[in-house]
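Morning, everyone. I have one structure to show, and a few minutes to show it. Please look at the screen.

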Amino acid sequence: MADDRVEHLTPEQKAELEAELDELEGPKRAAAIEAIKTARSFGDLSENFEYHAAKNEQGLLEARIRKLRHRLQHAVVVDHDTDDHVGPGSIVDIEDEHGERMEVTISAVGGGVSPTSPLGSALIGAGVGDVVEIDAPRGPWKATVIGIRR
């Protein structure tokens, strides 16, 4: 893979990725192989929809496994144990210049804002009261950090 940048993960995030990889390499891979075996028994492979669908699912599974292995290989575990500034795993309350508040979780693992995204990279290292400028695709905007927790 061409993208060899380091990814900062909390111990919990790394464990989550490792658990997903274990699930994919174990039971999910076994199920995919069994589905191909079953579909193959249906006869002529050239017109066997079940076989082609099972092979496609196996390809998607193997691609996800490769991606997870790559992420874990290039991961650096950071134990962000302070609420003084924003880091991986932080839950940040911000208020934009129009008074709208939102809660942002800095997470490289599903459900959060990636630390490398425009919002995530603007918030990393910020403290309560800091005003950050976010270079978003729709144009820059500012937000004030009003709370940080883990």
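I will go through one helix and then the salt bridges.

First, a caution: this is a predicted model. Please keep that in mind throughout.

Start with helix α1, residues 11–40. Its length is 30 residues. From first C-alpha to last, α1 reaches 42 Å. At 1.5 Å a residue, 44 Å would be expected, so the span comes close to that, taking 1.5 Å times one less than the number of residues. Where does α1 bend? At Lys28, by about 40°.

Now the inward side of the story. Which residues of α1 are buried? Gln13, Leu17, Leu21 and Leu24 are among them. Further along come Ala32, Ile36 and Ala39. What do these buried residues pack against? Two elements: β1, residues 7–9, and α2.

Next, charges. Side chains of opposite charge can pair when their charged atoms come close. How many salt bridges does the structure hold? Seven. I will pick out some of them.

Take Glu18 and Lys14. Their side chains meet in a salt bridge, at 3.3 Å from N to O. Both sit in α1, four residues apart, which means about one helical turn separates them. Buried or exposed? Neither label fits Glu18: at 33% relative accessibility, Glu18 counts as partly exposed. Lys14 is partly exposed as well, at 26%.

Now a pair that crosses between helices. Arg29 and Glu62 form a salt bridge through their side chains, with N to O at 2.8 Å. Arg29 lies in α1, while Glu62 lies in α2, residues 49–73, so this pair ties together parts that are 33 residues apart in sequence. Arg29 has a relative accessible area of 22%. The cut-off for buried is under 20%, so Arg29 counts as partly exposed.

So α2 comes up twice. The buried residues of α1 pack against α2, and the Arg29–Glu62 salt bridge links α1 to α2.

Third pair: Glu95 and Arg101. Here the side chains meet in a salt bridge at 2.9 Å, again N to O. Glu95 is partly exposed, with 24% relative accessibility. Arg101 is exposed, at 59%.

One more item, and this one is a network. Which residues does it link? Asp93, Glu103 and Arg149, through salt bridges.

To recap. α1 bends at Lys28. Its buried residues pack against β1 and α2. The structure holds seven salt bridges, and Arg29 with Glu62 is one of the pairs I showed. Over to you for questions.

How values were computed. Residues are numbered from 1 along each chain as its sequence is written. This is a predicted model: local features need pLDDT of at least 70, side-chain atom pairs count only at pLDDT 80 or more; totals for chains, interfaces and linings use all residues. Side-chain values use heavy atoms; hydrogens and water are left out. A salt bridge is a side-chain nitrogen of Lys or Arg within 4 Å of a carboxyl oxygen of Asp or Glu. Buried means under 20% relative accessible area, exposed over 50%, partly exposed in between (1.4 Å probe, protein chains only). The bend at a residue is the angle between axes fitted to the seven residues ending there and the seven starting there. Contact means heavy atoms within 4.5 Å.
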